[in-house]
Amino acid sequence: MRVVSDPGYTEVDLSASAEELTRLASAVARGEGLLSSTPSPGSDALAGVEVLKSSGH
């Protein structure tokens, strides 16, 4: 999985395999999980995605 921040649009660009996307979807459905990213040296890639439950406020 590769997650790159796009500060111009306050979004991220996510590139991942089908297996990684399935794990991310499962983490979102559970409301918890941590998925690591594989940044390239010298890139602006993020370390990963952490899913946390919240009260929605």
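**Leucine 46 and its surroundings in a predicted β-β-α-β-β chain**

Leucine 46 is placed in the loop that runs between β3 and β4. The structure described here is a predicted model, and in it leucine 46 counts as partly exposed, since its relative accessibility is 31%, a value that falls between the limits of 20% for buried and 50% for exposed residues. When residues up to four places away in sequence are set aside, leucine 46 touches Val3, Ser5, Val12 and Ser37. The C-alpha atoms of leucine 46 and leucine 14 lie 10.0 Å apart in space, although 32 residues separate the two in sequence.

The chain to which this loop belongs contains 1 helix and 4 strands, and these elements follow one another along the sequence in the pattern β-β-α-β-β. Along the principal axes of the protein chain, the C-alpha trace spans about 35 × 30 × 15 Å. Of the 57 residues in the protein chain, 19% are buried, while the area that the chain exposes comes to about 4300 Å², with carbon and sulfur atoms supplying 54% of it. Among the contacts that join residues at least 6 apart in sequence, 32% link residues at least 24 apart.

The helix, α1, comprises residues 18-30, 13 residues in all, and it reaches 18 Å from its first C-alpha to its last, which is close to the 18 Å expected at 1.5 Å a residue. Within α1, the residues Glu20, Leu24 and Ala27 are buried. Viewed down the axis of α1, these buried residues fall within an arc of 60°, and they therefore line one face of the helix. The cover over the buried residues of α1 includes β2 (11-15), β3 (33-36) and β4 (48-51). On the face of α1 that is turned away from the buried side, the exposed residues are Ala18, Glu19, Thr22 and Ala29.

One residue of that outward face, glutamate 19, also takes part in a salt bridge with arginine 23, in which the closest N and O atoms are 3.9 Å apart. A search of the whole structure finds 1 salt bridge. Both partners, glutamate 19 and arginine 23, lie in helix α1, where they are 4 residues apart, or about one turn of the helix. Glutamate 19 counts as exposed because its relative accessible area is 56%, whereas arginine 23, with a relative accessible area of 41%, is partly exposed.

Two of the buried helix residues, Leu24 and Ala27, recur in the largest nonpolar core, which has 6 residues in all and is completed by Met1, Val3, Leu35 and Val51. In soluble globular proteins, nonpolar side chains tend to be buried together. Among the members of this core, valine 3 touches Val12, Asp13, Leu14, Ser37, Ala45, Leu46 and Val49, with residues up to four places away in sequence not counted. Valine 3 is thus one of the residues in contact with the leucine 46 described at the outset.

The segment that follows the helix begins with a glycine, residue 31, which takes a positive phi of about 85° just after α1. Glutamate 32 then lies in the loop between α1 and β3, and at 47% relative accessibility it counts as partly exposed. Leaving aside neighbours within four places in sequence, glutamate 32 is in contact with Ala27 and Val51, both of which belong to the largest nonpolar core. The C-alpha atoms of glutamate 32 and glutamate 50 are separated by 7.3 Å, with their positions 18 residues apart along the chain.

A positive phi is also found at threonine 10, a residue other than glycine, where the angle is near 50°. Most residues other than glycine have a negative phi. Threonine 10 lies in the loop between β1 (2-6) and β2, and it counts as exposed because its relative accessible area is 73%.

The loop between β3 and β4, which holds leucine 46, is also the place of serine 43. At 28% relative accessibility, serine 43 counts as partly exposed. The C-alpha atoms of serine 43 and valine 4 are separated by 8.4 Å, although the two residues are 39 residues apart along the chain.

Conventions
Residues numbered from 1 in each chain as written. Predicted model: local features only at pLDDT ≥ 70, side-chain atom pairs only at ≥ 80, totals over all residues. Heavy atoms only, no water. Helix = DSSP H or I, 4+ residues; strand = E, 2+ residues; numbered from the N terminus. Expected span 1.5 Å × (residues − 1). Buried < 20%, exposed > 50% of the residue type's maximum accessible area, 1.4 Å probe, protein only. Arc of directions from axis to C-beta. Contact = heavy atoms within 4.5 Å. Core = buried A, V, L, I, M, F, W, Y, C linked by side-chain atoms within 4.5 Å. Areas by Shrake-Rupley, 256 points an atom, 1.4 Å probe, with all protein chains shown as cover. Salt bridge = Lys/Arg side-chain N within 4 Å of Asp/Glu carboxyl O.
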